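Trainee: Got a minute to go through this one with me? I'd like to start with pockets.
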Amino acid sequence: MKASRILWASLTLAAASTAASAQSTVNLYGLIDLSIGRTQAPGGAATKGVDSGKMTTSYWGVRGTEDLGGGLKAQYALESFMRADTGAAGRFNADTLWARNAYVGIESPAFGTVTIGRNTTTLFVQTLLFNALGDSFGFSPSIRHYFTSGTVSGDTGWSDSIRWALPRFGGVGVVLSGALPEGNGGRNVGASASYASGKLGTGLAWQKVKKGAADPDTTTWQLAGSYDLGVAKLFGQYGQVDNDTTGMGYKITGIGATAPFGPAGVLRAQWGQLKPDAGAKRTTLTLGYSHNLSKRTELYGALMDDKLSGLKSGRNLSVGVRHRF
């Protein structure tokens, strides 16, 4: 089925949701992020242009729930990345249609929520929660050092996976996940534990990736925390990635802060360092500002200095609009 037919079917489902019973919901939602700016890798040439997803990867999705009675709920989600600057689907040409999430599951007050299909990893969720630039692949040092620097393998979402989020108790949350090999190397396993109470938040995430016959096996752990002072919110992360295939190890450190600026603005700063057992060290610093025009639309600007030892720094700058629907 062509992508256009799938999109039409999804829109039809969303439009028909008002006719569904009170026990069921269907929602169409997403985010479009477009910016104008300058992109430069360390030691590389600078390019200028219009970019999609520098602050948050653009995507759209359909999700729904059904009340099964007795506290049970069925849920599902189908979410697709897109490149809004060209209208192309996916993050890159070979990306699958539903690469963000594609699952069905059951939710219960007693045992939590279990979803089966393609699920976002707990390591990625913790990384975006505990840094000042969130899930920005364009500007977050934390996201770039873990997921685009040749360290963690296995993508930010696992196919053929099972995710179990246990009920939260006293501010404590636990999530377990795994991906079956399905003839493509070994299996993936992951777990995270978090605690949130008032101004304090902490998290510990761990994962071991073996799935992907052509990809290296990696083991990753990360400890993270945040504290809201009122005038500013502080973030800290420390983790290690071990490439079990090559024997190379990486230590990743990140510190950052956000601070309110006026009634609708937020100042952002994040520093990160990626230190391998051998080879060049990578140090990245990003300063940014976001301004809410409404609950769904914001303007943003970001400046990043990305330094790899022995090479000239990459200087990146973007000014853009992020809209949620």
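Mentor: Sure, definition first: on a 1 Å grid over the protein atoms alone, a pocket is an open set of points with protein on both sides within 12 Å along at least five of seven lines, and lining residues have an atom within 4 Å of a point. Keep in mind that this is a predicted model, where local features need pLDDT of at least 70, side-chain atom pairs count only at pLDDT 80 or more, and totals for chains, interfaces and linings use all residues. Residues are numbered from 1 along each chain as its sequence is written, and side-chain values use heavy atoms, with hydrogens and water left out.

Trainee: Which residues lie nearest the centre of the second largest pocket?

Mentor: Arg118, Gly154, Asp155, Gly157 and Ser159, out of 16 lining residues. Strand β8 (residues 157-165) gives the largest share of that lining, three residues; strands here are DSSP runs of E, at least two residues, numbered from the N terminus.

Trainee: What salt-bridge network is Arg118 linked into?

Mentor: One with Arg91, Asp95 and Asp155. A salt bridge here is a side-chain nitrogen of Lys or Arg within 4 Å of a carboxyl oxygen of Asp or Glu. Arg118 is also the bridge partner, in β7, of Ala102.

Trainee: How do β6 and β7 run, and how many bridges join them?

Mentor: They run antiparallel, joined by seven bridges, and form a hairpin with three residues between them. Strand β4 (residues 72-83) is antiparallel to β6 too, also with seven bridges.

Trainee: New topic: what does the side chain of Glu79 meet in a salt bridge?

Mentor: Arg100, at 2.9 Å, N to O. Glu79 lies in β4 and Arg100 in the loop between β5 (88-89) and β6, so the pair ties together parts 21 residues apart in sequence.

Trainee: Is Glu79 buried or exposed?

Mentor: Buried, with a relative accessible area of 5%; Arg100 is partly exposed at 22%. Buried means under 20%, exposed over 50%, and partly exposed in between, using a 1.4 Å probe and protein chains only.

Trainee: And Arg144, what does it form a salt bridge with?

Mentor: Asp306, with the closest N and O atoms 3.3 Å apart. Arg144 sits in helix α3 (residues 141-147) and Asp306 in strand β17 (residues 297-308), 162 residues apart; helices are DSSP runs of H or I, at least four residues. Arg144 counts as buried at 15% relative accessibility, and Asp306 counts as buried at 0%.

Trainee: Last one: where does Phe111 lie?

Mentor: In the loop between β6 (101-108) and β7 (112-120). Phe111 is partly exposed, at 32% relative accessible area.

Terms used: Two strands pair if DSSP finds at least two bridges between them. On a 1 Å grid over the protein atoms alone, a cavity is a set of points where a 1.4 Å probe fits but cannot get out, and a pocket is an open set with protein on both sides within 12 Å along at least five of seven lines; lining residues have an atom within 4 Å of a point.
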